[in-house]
Amino acid sequence: MLERLRIFLAWHVVHCLEGMTFGDWWRLLWKQHFAVSPLSWPRIAFQMTVSLANSINRVLERRAYGSRLEEVEIPPPLFVLGHYRSGTTHLHYLLTLDPRFAFPNVFQTFNPHIFLRTEGWIASTECFDGIG
């Protein structure tokens, strides 16, 4: 049963659209003139539900952390650019060891609006182990 849940989550939840809010999702569908294959309708409906949950969680996250986030000062970013097989990934790993630098993990990247409230209890569940 747990394996079936893992497969379901990997195919339908953990993807680059998972963190979209309802407004973002609706604008994307609108821009594409709702051109969705009938075979994708169940997945679209599921994503719609996830986007509604994300919208609600975004409001709750802003209420909980909004004032503190406004006070955070973010220094200029450091971008690592390079050619394939030139060592940029190794440099990235080395930079992650330096406490002066911060970087998002996969969950934070996929869920930019809600990770402060939800990362601890979603990413730590057994069904998400090894996904993403």
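The exercises below work through a predicted model of one protein chain, each with its solution.

**Exercise 1.** Find which helix of the protein has the lowest mean pLDDT and which has the highest.

*Solution.* Begin with the whole protein, which averages a pLDDT of 86, with 89% of the residues scoring at least 70. Then turn to the elements, among which helix α1 (residues 2-12) has the lowest mean, 74, while helix α2 (residues 22-31) has the highest, 95. As a general caution, where pLDDT is low, the predicted coordinates should not be read in detail.

**Exercise 2.** Decide whether Cys 16 is buried or exposed, and locate this residue in the fold.

*Solution.* First place Cys 16, which is found in the loop between α1 and α2. Next take its relative accessibility of 63%; because exposed means over 50%, Cys 16 counts as exposed. Finally, consider Val 106, which is 90 residues away along the chain, although its C-alpha atom is separated from that of Cys 16 by 9.8 Å.

**Exercise 3.** Describe where helix α3 is kinked and what covers its buried residues.

*Solution.* Helix α3 spans residues 41-70 and carries a kink of about 55 degrees, centred on Ala 64. The buried residues of α3 include Met 48, Val 50, Asn 54 and Gly 66, and their cover includes α2 and α6 (115-122).

**Exercise 4.** Work out how Leu 91 contributes to the surface.

*Solution.* Leu 91 lies in helix α4 (residues 88-96), and because its relative accessibility is 39%, Leu 91 counts as partly exposed. Together with Leu 78, Val 80, Leu 94, Leu 97 and Phe 101, Leu 91 makes a nonpolar surface patch of about 540 Å².

Terms used. Residues numbered from 1 in each chain as written. Predicted model: local features only at pLDDT ≥ 70, side-chain atom pairs only at ≥ 80, totals over all residues. Heavy atoms only, no water. pLDDT = per-residue confidence, 0-100. Helix = DSSP H or I, 4+ residues; strand = E, 2+ residues; numbered from the N terminus. Patch = residues over 30% accessible without salt bridge, like charges linked within 9 Å, V, L, I, M, F, W, Y side chains within 5 Å. Areas by Shrake-Rupley, 256 points an atom, 1.4 Å probe, with all protein chains shown as cover. Salt bridge = Lys/Arg side-chain N within 4 Å of Asp/Glu carboxyl O. Buried < 20%, exposed > 50% of the residue type's maximum accessible area, 1.4 Å probe, protein only. Bend = angle between axes of the 7 residues up to and from the residue. Contact = heavy atoms within 4.5 Å.
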